[in-house]
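You asked for a quick read-through of this one before you start on it yourself. Here are my notes, point by point.

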Amino acid sequence: MILRKIMYVEDNMMKYMSVTRFLNRMGIYDIRHANNSTEALKLIEEEKFDLIMLDMHFCFEEKDDEQAGEKTIKCIREKGIETPIIFCSSRNWKVPGTLGNIFYNERRDWECEAMELFQYLRTV
């Protein structure tokens with residue numbers, strides 16, 4: 001899979017910047033950002049992405065929601081959009097229908113884990 005354009009749904013700017021720096025080192029520079037489900041779904045309707053990355057906890061329909069990621073995926077799939085999805089979350093999620101999870105925590109080597117996942121994605 002060639003990864004040129006990614007949408008990343010993240011409401012924590014420090015985490016967003018950290019992950020974006022990692023993606024840039026991986027050679028991915030076209031990254032669209034959404035803070036919540038409303039912005040994400042609008043972007044998905046307007047543009048085609050090679051990959052969707054999202055956190056699990058952000059605003060869904062204008063309410064803070066710990067399961068916003070799963071709910072947003074459901075909305076994406078209901079629109080018939082089959083773009084590959086991975087999570088980047090501070091919890092180690094296993095979500096059916098996604099390619100994997102980057103278990104993000106500043107105290108652990110999340111970048112090594114992310115590198116392995118992105119190397120795998122490039123072989124798919």
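**Notes on the predicted model**

1. Let's begin with a charged pair. Glu111 and Arg25 join their side chains in a salt bridge, 2.6 Å from N to O. This pair connects distant parts of the chain, since Glu111 sits in helix α4 (residues 110-123) and Arg25 in helix α1, 86 residues apart. Keep in mind that this is a predicted model. As for solvent, Glu111 is partly exposed, with a relative accessible area of 30%, while Arg25 reaches 53% and counts as exposed.

2. How many salt bridges does the structure hold? The count is 11. Another one to look at is Lys15 with Asp55, where the closest N and O atoms are 3.2 Å apart. Lys15 belongs to helix α1 (residues 13-25) and Asp55 to the loop between β3 and β4, so this bridge ties together parts that are 40 residues apart in sequence. Are these two residues buried or exposed? Both Lys15 and Asp55 are buried.

3. Two further items on charges. Lys71 and Asp65 meet through their side chains in a salt bridge of 2.6 Å, N to O. Here Lys71 is partly exposed, at 34% relative accessible area, whereas Asp65 is buried, at 14%. Then there is a network of salt bridges that links Lys5, Asp30, Arg32 and Glu47.

4. Now have a look at helix α2, residues 37-46. Its buried residues are Ser37, Ala40, Leu41, Leu43 and Ile44. Looking down the axis of α2, you find these buried residues within an arc of 160 degrees, so they line one face of the helix. Turned away from that buried side is a face with the exposed residues Lys42, Glu45 and Glu46.

5. What do the buried residues of α2 pack against? Their partners are the strands β1 (5-9), β2 (30-34), β3 (51-54) and β4 (58-60), together with helix α3 (68-78). At the N-terminal end of α2, Asn36 acts as a cap: one of its side-chain oxygens lies 3.0 Å from the backbone nitrogen of Thr38.

6. Ser37 deserves its own entry. This residue of helix α2 is buried, with a relative accessible area of 2%. Setting aside residues up to four places away in sequence, Ser37 touches Phe58, Cys59, Phe60, Glu61 and Thr72.

7. On to the nonpolar interior. The largest nonpolar core has 22 residues, and those with the most contacts inside it are Met7, Val9, Ile52, Leu54 and Ile76. Which elements give two or more residues to this core? They are β1, α2, β3, β4, α3 and β6. To see one of the well-connected residues up close, pick Ile76: beyond its neighbours within four places in sequence, Ile76 is in contact with Leu41, Ile44, Ile52, Ile81 and Ile85. Leu41 and Ile44 also appear among the buried residues of α2.

8. There is a second, separate core too, with 21 residues. Phe22, Trp110, Ala114 and Leu117 are among them.

9. For a look at a loop residue, try Arg91, in the stretch between β6 (85-89) and β7 (100-103). Arg91 touches Asn101 and Phe103, leaving out residues up to four places away in sequence. From Arg91 to Ile31 the C-alpha to C-alpha distance is 23 Å, and the two are 60 residues apart in sequence.

10. Last, the cysteines. The disulfide count is 0. Cys88 is in no disulfide, and the nearest cysteine sulfur, that of Cys112, is 14 Å away. A disulfide here would need the two sulfur atoms within 2.5 Å. Cys88 is buried, with 0% relative accessible area. Cys112 is likewise in no disulfide, its nearest cysteine sulfur being that of Cys88, and at 38% relative accessibility Cys112 counts as partly exposed.

Methods:
Residues are numbered from 1 along each chain as its sequence is written. This is a predicted model: local features need pLDDT of at least 70, side-chain atom pairs count only at pLDDT 80 or more; totals for chains, interfaces and linings use all residues. Side-chain values use heavy atoms; hydrogens and water are left out. Buried means under 20% relative accessible area, exposed over 50%, partly exposed in between (1.4 Å probe, protein chains only). Helices (H or I, at least four residues) and strands (E, at least two) are DSSP runs, numbered from the N terminus. The arc is that of the directions from the helix axis to the C-beta atoms. Contact means heavy atoms within 4.5 Å. A polar contact is a pair of N or O atoms within 3.5 Å; within protein, one must be able to donate a hydrogen and the other to accept it, and residues adjacent in sequence count only if both atoms are side-chain atoms. A salt bridge is a side-chain nitrogen of Lys or Arg within 4 Å of a carboxyl oxygen of Asp or Glu. A nonpolar core is a set of buried Ala, Val, Leu, Ile, Met, Phe, Trp, Tyr and Cys residues joined through side-chain atoms within 4.5 Å.
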